[in-house]
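Ready for some practice with side-chain contacts? Keep the sequence and the 3D view open while you work through these exercises.

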Amino acid sequence: MPTIEERIKDIENEIKKTQYNKATEHHIGILKAKMSQLIIEAESHKKGGGRGFAIQKSGDATVALVGFPNVGKSSILNRLTNSDSEIGSYAFTTLKVIPGTMKYNGAILQILDLPGIIENAASGSGRGREVLSAVRAADLILLVTDVKSKGLNTIILELRNAGIVVGRKKKNIAMKRTGSGGIRIYSPRTISVKEEEIKEILKEFKITNCDLYIRENVDVDDIIDFLRGNTMHVPAVIAINKSDLPHDRKEIVSALPPKLEYLFISASTGEGIEDLKNLIFRGLNLVRIYLREKSGEVDYERPLILRSGVRVREVCRKISREMLSSFKYAIILNSKRKQSEIRAGLDYELRDEDIVTLVSRN
Ligand SMILES: Nc1nc2c(ncn2[C@@H]2O[C@H](COP(=O)(O)OP(=O)(O)OP(=O)(O)O)[C@@H](O)[C@H]2O)c(=O)[nH]1
Ligand SMILES: [Mg+2]
């Protein structure tokens, strides 16, 4: 009998061997479902499992550098921050989490340099489990590769096996287990996965009776992520390092995962580093809110850094409990908005670079 780890490896190899196309899509979907099941099983056998590196989160947001060994993660950290992470011309120079601080657009961002991830990290190879648990603390993953490496698909698969889904939104799926009656699927007519396929995936998860509600278009991966449970969705951007070396841009780009923003950079020459800072900032989906004091002064140096989608209420809360209870209205100034001056209530959604004056009742 092969061990669980061997079975996971076999399936992983088969997925890698199989060309992805319409004819094999179904087969790959089932393989992924099988693999998720095995990984959950493997995890349940390990006691304690992956205590991880202790990291204290700090700053307005945390970014984790994730990639194969030796692609230049530490070199990038040193370029982005004031840190001095060890750089070596061999794999596994970095053996623990090295944090650095990057200041950009008034935000203070914590950047974590991690040991390289290798294949089968999720099932315990290398420091895989520890690295992956540190990644869970991140608000954004900076996927790092270099112009000589084979791309990022293995890394993305390892993250996925650890329950970290990158660059995909969580989909609106719900399930009600039923005692009998088989599987009933409620889904939009436009859905691109066949009902048969969904049923087979459910079977892999040993679900024989349920009502499954799919409320938007999803693919096989979305369904597996949902059934697997305990997954987190983290935004990601890509840096392709060592662009100072000869390379074929077209070929590299064609092997990248779709829908993720990427940049060619060189930690050696500094090419693209400023653009990378900007890409990180945008990838985090932060907004800068400038507060206007009673005196009329605005502190442009130190904005409040909040998540996109934030409302006036959160800004009040950040300031003080009293502010929230005595809130009357807010005046929002932003020349980029259609209406440059707005009188707003607590539920009003703020945008990047809004200048906010809070007016209280007394
Ligand atoms: N030509 C070139 N070499 C680079 C660049 N960035 C890093 N290197 C070299 O690549 C090697 C690995 O760099 P590191 O920064 O240690 O890579 P890492 O990803 O942190 O490696 P691990 O910690 O082992 O996972 C070193 O020899 C660096 O000098 C680059 O932009 N261009
Ligand atoms: Mg390193």
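**Exercise 1.** What kind of contact do the side chains of lysine 242 and aspartate 146 make?

Before we solve it, a quick note: this is a predicted model, where local features need pLDDT of at least 70, side-chain atom pairs count only at pLDDT 80 or more, and totals for chains, interfaces and linings use all residues. Residues are numbered from 1 along each chain as its sequence is written, chains are lettered from A and ligands numbered from 1 in the order in which they are written, and side-chain values use heavy atoms, with hydrogens and water left out.

*Step 1.* Check the rule: a salt bridge needs a side-chain nitrogen of Lys or Arg within 4 Å of a carboxyl oxygen of Asp or Glu.

*Step 2.* Lysine 242 and aspartate 146 are 3.5 Å apart, N to O, and that makes a salt bridge.

*Step 3.* Now place the two. Lysine 242 sits in the loop between strand S10 (236–241) and helix H8 (249–254), aspartate 146 belongs to strand S4 (residues 140–146), and so this pair ties together parts 96 residues apart in sequence. (Helices, H or I with at least four residues, and strands, E with at least two, are DSSP runs numbered from the N terminus.)

*Step 4.* Both lysine 242 and aspartate 146 are buried. (Buried is under 20% relative accessible area, exposed is over 50%, and partly exposed is in between, using a 1.4 Å probe and protein chains only.)

**Exercise 2.** Is arginine 288 buried or exposed? Find its salt-bridge partner too.

*Step 1.* Arginine 288 has a relative accessible area of 12%, so call it buried.

*Step 2.* Its partner is aspartate 352, with the closest N and O atoms 2.8 Å apart.

*Step 3.* Arginine 288 is in strand S12 and aspartate 352 in the loop between strands S15 (341–344) and S16 (354–360), 64 residues apart.

*Step 4.* Aspartate 352 comes out at 26% relative accessibility, so it's partly exposed.

**Exercise 3.** How many aromatic pairs does a search of the whole structure find?

*Step 1.* The search finds four. (Rings of Phe, Tyr and Trp, using its six-membered ring, pair if their centres lie within 6.5 Å; planes under 30 degrees apart are stacked, over 60 edge-to-face, and the rest tilted.)

*Step 2.* Take tyrosine 290 and tyrosine 300: their centres are 5.1 Å apart with 55 degrees between the planes, a tilted pair.

*Step 3.* Tyrosine 290 lies in strand S12 (residues 286–291), while tyrosine 300 is in the loop between S12 and strand S13 (304–307).
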